[in-house]
Amino acid sequence: MSNESAIIEVTDLVKTYPGDVKAVQGVTFQVKRGEFFGFLGPNGAGKTTTMNMLVNLVRKTSGSILIDGLELEKNLNEVYKRIGFAMQEIGLDETATAREMLELHGHLYHLPKDRIKSQIERLLKLVELEKVADRFTSTYSGGMRRRFDLALSLIHEPKILFLDEPTQGLDPHARQLIWGHLRELNEQGMTIFLTTHFMEEAEALCERIAIMDRGQIVTTGTVAELQERHEARTLEEVFLKTTGSNLGEEEVNLNAPDPYARARM
Amino acid sequence: MDTFFSDWYYLSIRNIKQIWRPALALLPAIFMPVFFFLVNASSLSAFAKVPGFPNVPYRDFIAPVAIFTAIFFSAGNAGIELVQDITNGYFKKLIILPINRLTIVLSKLTEVAVQAVLQGLIILVLLLAVGVHFATGFLGILAIFGLLIIFAMAWSCLSMISALRTQNARLVQSMFVLVFPFLYLTTSQAPLNLLPPTFRLIATYNPVTYIVEGTRALVLSGWSNPAIGEGFLTAGIMFVVLVSLTLASFQKALK
């Protein structure tokens with residue numbers, strides 16, 4: 001039964017890669033409509049795998065995912081109309097300009113032409129890229145690419161925005177700029193699901209936070225609740241107390257094709 | 001279904017723009033066939049006097065190969081572009097769009113077809129300029145383009161399969177070497193009866209021989225030559241088999 005106040009409902013989500021590598025082990029959580037939800041964890045905790053399962057970029061082994069009341073795997077395109085995703089790796093078409101990419105994605109979301117046009121102008125202004133909109137994206141700096149990627153994920157005004165490390169590699173000015181945009185989007189009613197390594201980012205933006213470690217959610221709550229529950233003064237302290245350090249256990253996608261396999265034979 | 005064709009159209013436009021971005025990347029695919037045609041047509045022209053050679057100038061005999069070579073050298077670009085999309089992460093963006101994912105592959109094939117026509121036209125102008133006569137006239141030229149488009153789409157699938165299965169740019173680029181055995185172990189330079197026995201045997205089993213012969217029949221003979229039908233049949237079979245394998249690889253990549 002779908003919970004109407006929840007826009008993302010994840011129940012007993014499991015991902016096991018070949019070789020019995022358990023990346024995600026029975027994760028259950030809900031994200032409320034309009035909530036700014038933070039998903040934290042050390043490298044290899046299973047955050048990105050979980051987020052990729054939420055958009056079906058990684059197939060779940062078992063469990064259930066409901067997005068806006070829709071079962072993900074049975075309603076892929078309906079779900080894709082409702083979500084935007086700015087991924088950790090900023091994949092852009094380097095042979096296209098920013099304007100061309102926004103226009104293409106507008107068409108592929110089947111938006112009317114006048115709306116595409118107005119959205120392009122609005123978003124370019126939002127991320128302060130109007131002056132370079134007709135330059136090839138290959139000429140953009142890291143910060144410009146990040147900002148443009150955010151704009152691209154917003155072209156269809158999604159209900160839910162997934163952000164995987166959206167400010168990684170950005171200078172403080174660009175980071176503040178992105179934070180401002182995200183707050184504004186959230187105030188307008190957009191649900192935001194954020195993974196980040198920056199504790200101050202999670203603290204500044206997120207209403208509620210889940211911390212994941214070794215494929216499981218170890219604690220969930222508001223920053224104040226987490227600090228009280230774990231007797232910590234800061235979110236970073238909560239993070240360290242609940243996860244410890246897992247260096248050396250980083251996530252490896254064992255399904256990725258190995259181009260050197262034949263060469264080693 | 002109502003958005004299938006519009007998705008295909010917009011993705012095709014995106015891919016077609018990649019053909020000339022950067023424009024310099026087009027040069028090798030034009031230069032190579034022009035170079036080989038001009039060099040071979042002049043240096044090997046005496047070959048046309050060998051007993052058993054068809055009664056046509058050597059220049060006309062190798063004219064179809066010039067168009068063919070352009071397509072051979074450019075059809076692999078589809079796989080290279082695809083692997084670039086995969087490795088830089090843009091492919092992931094495409095597959096979480098609310099589109100029919102089949103249009104991602106179809107739009108690549110459309111790009112290949114458009115590129116084949118553009119490059120074929122450039123070579124055609126050159127061939128007409130140097131006096132090559134097309135026995136089947138304007139309709140024959142259209143048929144040549146039809147045959148070459150089918151073949152170009154089929155051939156491009158090899159690089160796309162490689163892109164989808166290995167996701168490795170260097171491996172996809174290395175598929176380029178296949179051009180040489182498939183193009184030169186055929187009747188591209190000499191008629192079958194003048195090839196040494198081993199080459200003749202290989203050429204007989206090389207499907208590209210039938211495409212070359214079909215194209216050549218449209219240039220030199222006339223509509224009654226059965227090689228035309230054999231060429232279309234071979235290209236059609238290659239198209240069905242290789243596009244099916246590409247779609248299977250695509251489905252596997254999505255999983």
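Q: In this predicted model, is the crossing of H3(B) and H6(B) right-handed or left-handed?
A: Let's start with the geometry of this helix pair. The axes of H3(B), residues 58–75, and H6(B), residues 102–129, come within 9 Å and cross at roughly 145°. The handedness of the crossing is right-handed.

Q: Which residues of H6(B) meet H3(B)?
A: On the H3(B) side, the contact is made by Ala63(B), Ala66(B), Ile67(B), Ala70(B), Ile71(B), Ser74(B) and Ala75(B). Sorted by class, the residues of this contact comprise 11 nonpolar, four polar and no charged. Facing them in H6(B) are Val112(B), Gln115(B), Ala116(B), Gln119(B), Gly120(B), Ile123(B), Leu124(B) and Leu127(B).

Q: How many helices does chain B have?
A: Reading along the sequence gives the pattern α-α-α-α-α-α-α-α-α-α-α-α. Chain B has zero strands, and its helices number 12.

Q: What radius of gyration does chain B have, set against that of a compact globule?
A: The C-alpha atoms of chain B fill a box of roughly 60 × 35 × 35 Å along the principal axes. For 255 residues, a compact globule would have a radius of gyration near 18 Å. The value for chain B agrees with this, at 19 Å.

Q: Among contacts in chain B between residues at least 6 apart in sequence, what percentage join residues at least 24 apart?
A: It helps to look at burial alongside this: 44% of the 255 residues in chain B are buried. For the contacts asked about, the share joining residues at least 24 apart is 76%.

Q: Which elements give two or more residues to the side of chain A that touches chain B?
A: Across this interface, 22 residues of chain A are in contact with 23 residues of chain B. The elements of chain A in question are helix H2 (76–82) and helix H3 (98–108). As for class, the chain A side has 13 nonpolar, five polar and four charged residues, and the two elements asked for are H2 and H3 of chain A.

Q: Which strands stand at the edges of the open sheet in chain A?
A: Four strands of chain A form this sheet in the order S2-S1-S4-S5, with antiparallel pairing. An edge strand has a single partner strand, so one side of it is left without a neighbour in the sheet. That description fits S2 (21–32) and S5 (70–71) of chain A.

Q: What is the bridge partner of Ile67(A) in S5(A)?
A: S4(A), residues 62–67, pairs with S5(A) in the antiparallel sense over two bridges. The partner of Ile67(A) in S5(A) is Leu70(A).

Conventions
Residues are numbered from 1 along each chain as its sequence is written. Chains are lettered from A and ligands numbered from 1 in the order in which they are written. This is a predicted model: local features need pLDDT of at least 70, side-chain atom pairs count only at pLDDT 80 or more; totals for chains, interfaces and linings use all residues. The radius of gyration is taken over C-alpha atoms; the globule rule is 2.2 Å times the number of residues to the power 0.38. A residue is buried if 20 or more other C-beta atoms lie within 10 Å of its own, exposed if 12 or fewer, and partly exposed in between; C-beta atoms are placed from the backbone. Two residues are in contact if their C-beta atoms, placed from the backbone, lie within 7 Å. Ala, Val, Leu, Ile, Met, Phe, Trp, Tyr, Cys and Pro count as nonpolar, Asp, Glu, Lys and Arg as charged, and the others, Gly among them, as polar. Axes are lines fitted to C-alpha atoms, for helices over the stretch in contact, and angles run from 0 to 180 degrees between N-to-C directions. A crossing is left-handed if the near helix is turned anticlockwise from the far one by less than a right angle, and right-handed if clockwise. Two strands pair if DSSP finds at least two bridges between them.
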